[in-house]
Amino acid sequence: MGRFYITTPIYYVNDAPHVGHAYTTVNADALARWHRLMGDDTKFLTGTDEHGQKVADAAAKNSVSAQEWTDVTSQRFREAWDALDVSYDDFIRTTEDRHRETVQTFLSAVYENGYIYKGTYRGLYCVSCEDYYTLESSDAGKCPVHGRVLSEMEEENWFFRLSAFQERLEAHYAANPGFVTPETKRNEALSFIRGGLRDISITRTSIDWGIPVPWDEGHVFYVWYDALINYLTAIGYGRDADEVATWWPASHHLIGKEILRFHCVWWPAMCMAAGLEPPAHVQVHGWLLLRGQKLSKTMAAEGQVRLTDIAPTTLTGEFGVDPVRYYLLRETALGNDGEFSHEGITHRYNTDLANNLGNLLNRVATVVGSKCAGIGPAPDPHSALAGVAREALGEARDAWESFSPQGGLEATWRLLSATNAYLEEHEPWKMAPGPQVESVLGDALEVLRLVAVAASPAMPGVSAAIWSRIGLEGTPVERTFDESVLWGQYPAGRAVLKAEPLFPRIRVDA
Ligand code: MSP
């Protein structure tokens, strides 16, 4: 049993959450739930990133104060995560006092260690990215991500001496091959480092919506320099040394690929500058695409999609909470881009949930009803399915342990397919009541028990429903995965509920 601290990026509150944000959060949630199931001491952090120009502009556009704007929008993220059954342990807002204190303590340490100096910044900036560009890295003066003309900036600022960390970062990557996964993203970060690092302007005088620089009144920190430190605020940096020692550096940051440089280059260097170890691991994922383009607030603003159509709460209303979670986890491997569509969710729902899992549950309940008077029999300790289950769940375990919810679910669903095939082969619905039919049905009930455990990080509600329908007490997550998945624990003598299908098929018009 170990310790597992997982974080999502903190989301900008310039607008409402969409399914792209849900992709990261649901993956982080499933991984947190997996580690709890493994018996690991787990902490799962998410939250909102509330400072900076972009958020200040959004508030001004809506004629409210920045604080009022962030209060309302941050709440919308909480609501979305509640609707998706996200089990975060802490929700951080960067406008909280605890965060201001940690940022000031952390950056004062960096300052005292000699890595912050005063200079003049002249260059290009994209407010949508909250990021700097040079003429060479821009698209002829436009932002390569947002296509907007970049603003020219000239300010006297404080700079972080990122250039001093090139060798130390390279050494860190060499000594920690698993620091960034997948490998392609690790290589991308490393080649950025090898390409040479420039110092970064980390304060602003042009805006005041930010955390004040403790040693220079009138300056606030650049939003990224405040935001990254949230991962330490939540574990009490500057306030509780024991708490920090408990969770750091055993930390895993799950992030989208567009914020790789901040997390894989700037952040480890900032930690080193403050005299702290870098986080253990950054897991990078790809984008959900809509017709080949990154699904984003910008797309919605341009009228290419309605924000309500891609709002997490709209989708959960349409398909149910766990089907949306399942789709997000199962469809796209962490690291790849994936096309998002309502047709895609419908297809996954009908194929994997209604046909495979739902079908098994309904069939078993029906036949237990007709052949065993509704009372579940025990599995055969030597069933052919026992080996299949051991293998599939062993693979599922390895996949979850290596940050692959998709692989975990794929392996679990192989067990379901094998069990449906097993029923097709034995046709218990044609058998006479007696020990033979009981053993086949007991095996199928045992598989349902195992699947309720193995699918619980992805579909907590559905897993609990299966658990109680097959007559089990408590919940599928009361014991650790390793204890639960040993074959043969389904007890005989429990009433198996025959009820409405958990996943009524969605009709698809041809
Ligand atoms: N505030 C910064 C992060 C600071 S972390 C210290 C930020 N916020 S964001 O709201 O723009 O996006 C955050 C994350 O949302 C992305 O890194 C990514 O994980 C997720 N996604 C946003 N759109 C997405 C898709 N279309 N697809 C997948 N993930 C997406 O950047």
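## A loop residue with positive phi

Arginine 291 sits in the loop that links strand 14 and strand 15. In this predicted model, its phi is near 45°, a positive value in a residue other than glycine. Arginine 291 is exposed, because its relative accessible area is 61% and the cut-off for exposed is over 50%.

Alanine 373 makes a good companion to look at next. Its phi is also positive, about 55°, although alanine 373 is not a glycine. You will find alanine 373 in the loop between helix 14 and strand 17 (375–376). With a relative accessible area of 68%, alanine 373 is exposed.

## The sheet around strand 14

The strands on either side of arginine 291's loop, strand 14 and strand 15, belong to an open sheet of three strands in the order 15-14-16, with mixed pairing. Its edges are strand 15 (293–294) and strand 16 (338–339), each of which pairs on one side only.

Strand 14 covers residues 288–290 and runs antiparallel to strand 15, with two bridges joining them. To place the register by eye, look for leucine 289, which stands opposite lysine 294 in strand 15.

## A four-stranded antiparallel sheet

Another open sheet has four strands in the order 6-5-7-9, and here the pairing is antiparallel. Strand 6 (131–133) and strand 9 (200–201) are the edge strands, each pairing on one side only.

Strand 5 takes in residues 116–126, and three bridges join it to strand 6 in an antiparallel arrangement. Across this pair, tyrosine 125 stands opposite tyrosine 132 in strand 6.

## The ligand and its shell

Now to the ligand, which has 26 residues around it; Ile10, Thr24, Asp49, Leu288 and Leu295 come nearest. Which classes of residue make up the shell around the ligand? There are 13 nonpolar, nine polar and four charged residues. Helix 1 supplies the largest share of the shell, four residues.

Several polar atoms of the protein can be picked out beside the ligand. A polar side-chain atom of threonine 24 lies 2.7 Å from a ligand oxygen atom. In the side chain of aspartate 49, an N or O atom is 2.7 Å from a nitrogen atom of the ligand. Glycine 256 takes part through its backbone, where a polar atom is 3.1 Å from an oxygen atom of the ligand. Taken alone, the ligand exposes 670 Å², and the protein buries 96% of that. Two or more shell residues come from each of strand 2 (11–12), helix 1 (19–37), helix 7 (223–227) and helix 8 (230–233).

## Histidine 252 and its surroundings

Strand 12 (residues 251–256) is home to histidine 252. Is histidine 252 buried or exposed? Histidine 252 counts as buried because its relative accessible area is 15%, where buried means under 20%. Its side chain is joined to that of histidine 281 by a polar contact of 2.9 Å.

Leaving aside neighbours within four places in sequence, the residues in contact with histidine 252 are Phe4, Tyr5, Ile6, Thr7, His281 and Phe403.

## Two cis peptide bonds

The loop between helix 9 (241–247) and strand 12 holds proline 249. A cis peptide bond, with omega about 5°, joins tryptophan 248 to proline 249.

Proline 182 offers another example: the peptide bond from threonine 181 to proline 182 is cis, with omega near -5°. Proline 182 lies in the loop between strand 8 (180–181) and helix 6 (183–194).

## Buried positions in helices 13 and 14

Helix 13 (residues 321–331) is mostly covered, with nine of its eleven residues buried. Among them are Pro323, Tyr326 and Leu329, along with the charged-type residues Asp322, Arg325 and Arg330.

Threonine 346 belongs to helix 14 (residues 342–371). Because its relative accessibility is 14%, threonine 346 counts as buried. Which residues are in contact with threonine 346, leaving aside its neighbours within four places in sequence? They are Phe319, Ile506 and Val508. Arginine 507 is 161 residues away from threonine 346 in sequence, yet their C-alpha atoms are 8.9 Å apart in space.

Terms used
Residues are numbered from 1 along each chain as its sequence is written. This is a predicted model: local features need pLDDT of at least 70, side-chain atom pairs count only at pLDDT 80 or more; totals for chains, interfaces and linings use all residues. Side-chain values use heavy atoms; hydrogens and water are left out. A residue is near a molecule or strand if one of its heavy atoms lies within 4 Å of it. A polar contact is a pair of N or O atoms within 3.5 Å; within protein, one must be able to donate a hydrogen and the other to accept it, and residues adjacent in sequence count only if both atoms are side-chain atoms. Accessible areas come from the Shrake-Rupley method with a 1.4 Å probe; for residues, only the protein chains shown count as cover. Two strands pair if DSSP finds at least two bridges between them. Buried means under 20% relative accessible area, exposed over 50%, partly exposed in between (1.4 Å probe, protein chains only). Contact means heavy atoms within 4.5 Å.
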